[in-house]
Amino acid sequence: MKFTDGFWLMREGVRAHYAREARDTAVADDRITLYAPAKPVHHRGDTLNTPLITIECWSPAPGVIGVETTHLAGGVRPNPAHALTPAPATAAETARGSGTVELTSGDLTLSVATDGPLRLDFRAGGRTLTSVDAKGTGFAETPDGRHHMLTRLALGVRELVYGLGERFTPLVRNGQVVDLWQADGGTSSEQAYKNVPFYLTNRGYGVFIDHPGPVSLEVGSESVGRVQMSVEDQRLRFFVVHGPTPKEVLARYTALTGRPALPPPWSFGLWLSTSFTTRYDEETVNAFVEGMAERDIPLSVFHFDCFWMREFHWCDFEWDPEVFPDPKGMLERLHERGLRVCVWINPYIAQRSALFEEGARLGHLVRRPDGTVWQWDMWQAGMALVDFTSPAAREWYAGKLRMLLDMGVDCFKTDFGERIPTDVVWADGSDPYGMHNHYTQLYNETVFELLRRHRGEGEAVVFARSATAGGQRFPVHWGGDCASTFEAMAESLRGGLSLGLSGFGFWSHDIGGFEGTPDPALFKRWLAFGLLSSHSRLHGSRSYRVPWAFDGDDEGAVDVARSFTRLKCRLMPYLFGAAVQAHEQGTPVMRAMLLEFPGDPSCHHLDTQYMLGDDLLVAPVLSADDTVEYYVPEGEWTRLLTGETVTGPGWRRESHGFDSLPLLVRPGAVLPVGATDTRPDYDHLDGVTLRVYGAGTAPEEAGGGPGAAERTTVVYTPDGGPAATFTTRIGGGAVAVTTDHPDPPAWNVLLVGVHATAEAQESAEGRDTAEGVVLTAAPGTREVRAVPT
């Protein structure tokens with residue numbers, strides 16, 4: 001929130017108190033403590049009748065420095081805590097200088113002025129990343145008697161701010177007021193389902209505000225050269241996370257707050273929903289499933305939305321017996337078709353649910369201060385809220401879901417979790433305002449950990465709507481309720497890229513939009529975008545999303561769905577590699593261009609295109625007139641769908657049919673493509689084709705020497721382990737690909753754009769195709785070598 005009235009004045013009734021100087025400094029081996037009065041001390045009398053702010057500085061991990069400012073320690077709210085994982089040993093060091101004290105962690109140093117006005121400078125690589133000046137840390141009291149701790153971090157010239165959760169406003173946050181408060185507001189406002197108190201900038205660092213409750217940020221919107229963060233509390237803690245690249249910032253941030261679990265390969269296929277208020281039964285479900293099969297559209301997951309339960313009974317976790325008389329048999333029949341099954345849940349218990357009386361009697365429902373169960377009629381009549389701060393309540397809730405897993409359900413859509421009341425008492429005594437944002441973390445964790453225990457490591461996946469810091473540990477998340485318009489499609493993409501810049505590795509959205517019914521053109525464009533996303537789901541509100549419901553079998557939507565679903569299945573060796581990268585390093589599968597090209601200023605504002613993994617550029621068509629405008633970074637890129645080349649840097653404006661969109665392969669990439677296009681969960685190594693780009697322009701020097709190009713490609717097993725590593729060397733006019741697999745199955749090398757070779761090896765059979773020469777290695781072959789001519 002704003003406290004000042006321009007540069008000189010405070011807003012009416014606001015009293016601000018800033019830490020003026022480091023009057024006393026305690027320096028330990030790995031920690032600095034500053035005691036800073038709110039006015040300069042010229043004589044002993046100045047130590048009276050003034051606030052004293054305590055500033056603690058330490059490091060939880062290399063390259064990360066924490067700062068905690070406290071006014072009245074006894075008044076700190078009993079907030080729930082973000083689950084952080086500090087490094088076992090940070091090797092942080094302190095040092096005293098002339099008028100300064102310093103704390104160094106990795107390549108990040110905090111320098112604090114101990115003479116004169118208080119100043120904190122965060123430095124790395126010989127430059128100042130950001131700083132806090134004499135009016136940069138303290139507290140403000142507002143006319144309503146509220147107390148706000150605040151800190152202001154400097155922004156440099158052309159410094160841009162990103163992240164803060166899944167936000168649908170412009171991707172660059174500069175000039176925005178961002179209030180981190182969970183809300184069920186759709187995708188067309190400043191409200192957000194996923195509020196994450198973390199941002200990164202294009203200047204080599206990020207900031208994590210370690211406060212689970214509401215956080216207000218003025219991102220160059222009150223003081224244009226500052227990011228101001230404030231919380232209504234007596235304490236404010238934040239961490240500065242150094243990169244220097246954006247990927248390295250995310251790696252360090254997610255090491256602290258948690259890396260995403262690795263979703264199972266089957267989850268990357270196409271999900272089909274019954275949709276929200278549409279009528280359906282097993283006959284409808286079978287018609288959908290059979291319709292997809294008849295049209296050769298691979299389907300991986302069938303999702304049952306809310307009305308799998310009886311009306312007014314959400315949630316009692318019982319199938320509506322009139323609509324689904326044999327749920328266990330139905331699930332078995334769906335499994336026999338090779339499908340996984342997802343069902344919708346939420347953390348609310350309607351009064352008519354049989355679980356309401358049981359939950360209230362056992363003390364598992366959230367209560368008001370007078371001891372009565374908190375209830376209201378919004379969403380479900382008389383609904384109550386499961387108190388996930390109670391371990392017993394969490395086990396009770398998980399036990400109800402366990403019965404569904406025993407029946408054959410494979411995963412859950414964990415909807416809602418945003419409209420959490422503040423006029424309540426939590427079982428563990430947590431502050432109600434702190435629990436408003438944090439509730440979703442306990443909810444999703446409860447469900448995800450049940451799936452992990454029941455299904456096994458690597459098989460757990462949810463489809464979650466709300467989240468906060470650390471929520472990335474429980475994938476997958478989707479973008480919530482968007483309209484069926486091109487504008488909402490662009491909003492959704494902005495939200496997903498913003499979430500990726502907030503530490504989340506996996507993200508999805510409702511193909512075609514949720515509210516309303518998309519016209520055929522929009523639906524087909526959204527299909528291509530959705531199937532080139534981390535996860536892909538057909539879902540709507542009042543209408544079905546099966547492709548043939550839009551323009552029939554012969555006019556496009558079926559063809560587009562078939563083509564892009566099969567393409568995604570073939571890309572699984574590549575996409576699952578990107579998933580492992582997200583799991584191990586915190587880099588999202590869908591990436592804002594900034595992440596891959598931090599040195600190209602033209603990429604810093606881009607929010608209508610993205611990188612899918614390291615090597616694929618995707619620019620969805622976001623208009624009804626078939627045109628798309630996008631930016632191509634430096635180098636010779638290749639269209640994956642046609643083999644044509646595009647040279648950057650530069651902007652392009654193109655027209656694309658519904659079967660196409662700008663889908664470019666990065667210069668010099670080696671793209672592993674699978675042999676199966678009917679499902680995502682197959683042996684990605686057997687028959688894999690390594691698509692080698694740039695083989696026809698090889699450096700002159702021999703392989704491995706100066707001028708040679710080398711690229712390592714890993715194909716993974718379903719549990720994320722390496723099945724085989726391939727090394728591609730281009731040099732001396734030759735291309736050599738080797739694998740470390742002791743006895744590999746058959747594999748292929750495609751030299752994209754090369755149409756003639758002189759083979760140097762008899763173990764690989766070569767043939768010319770429209771895309772280039774394909775070299776097929778027989779089983780057991782560990783090296784393929786060719787000379788493009």
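**Local features of a predicted model**

Me: In which strand is Leu9 found?
Reply: In this predicted model, DSSP runs define the strands. One such run covers residues 9-10, and Leu9 is found there. The strand is β2.

Me: What accessible area does the nonpolar surface patch with Leu9 have?
Reply: Leu9 joins Phe7 and Trp8 in a nonpolar patch on the surface. Taken together, the accessible area of these three residues is about 470 Å².

Me: At what angle do helix α10 and helix α11 pack?
Reply: Helix α10 spans residues 557-570, and helix α11 spans residues 572-585. Their axes lie 5 Å apart, and the packing angle is about 65°.

Me: Which residues in α11 do Lys568, Cys569 and Arg570 meet?
Reply: Lys568, Cys569 and Arg570 belong to α10. By class, the contact between the two helices has 4 nonpolar, no polar and 2 charged residues. On the α11 side, the residues met are Met572, Pro573 and Leu575.

Me: Which residue does a cis peptide bond join to Gly648?
Reply: The bond has an omega of about 10°. The partner of Gly648 lies in strand β36, residues 645-655. That partner is Pro649.

Me: Where is Asp296, with its positive phi, found?
Reply: Asp296 has a phi of about 60° although it is not a glycine. Asp296 is found in the loop between α2 (282-294) and β23 (301-304).

Me: What percentage of residues 57-216 is strand?
Reply: An unreviewed UniProt entry lists residues 57-216 as "domain: Glycoside hydrolase family 31 N-terminal". The end C-alpha atoms of this stretch are 22 Å apart. Helix accounts for 0% of the chain here, and strand for 48%.

Conventions. Residues numbered from 1 in each chain as written. Predicted model: local features only at pLDDT ≥ 70, side-chain atom pairs only at ≥ 80, totals over all residues. Heavy atoms only, no water. Axes fitted to C-alpha atoms, helices over the stretch in contact; angles between N-to-C directions. Helix = DSSP H or I, 4+ residues; strand = E, 2+ residues; numbered from the N terminus. Contact = heavy atoms within 4.5 Å. Nonpolar A, V, L, I, M, F, W, Y, C, P; charged D, E, K, R; others polar. UniProt positions renumbered as here; feature names shortened; annotations may be inferred. Patch = residues over 30% accessible without salt bridge, like charges linked within 9 Å, V, L, I, M, F, W, Y side chains within 5 Å. Areas by Shrake-Rupley, 256 points an atom, 1.4 Å probe, with all protein chains shown as cover. Salt bridge = Lys/Arg side-chain N within 4 Å of Asp/Glu carboxyl O.
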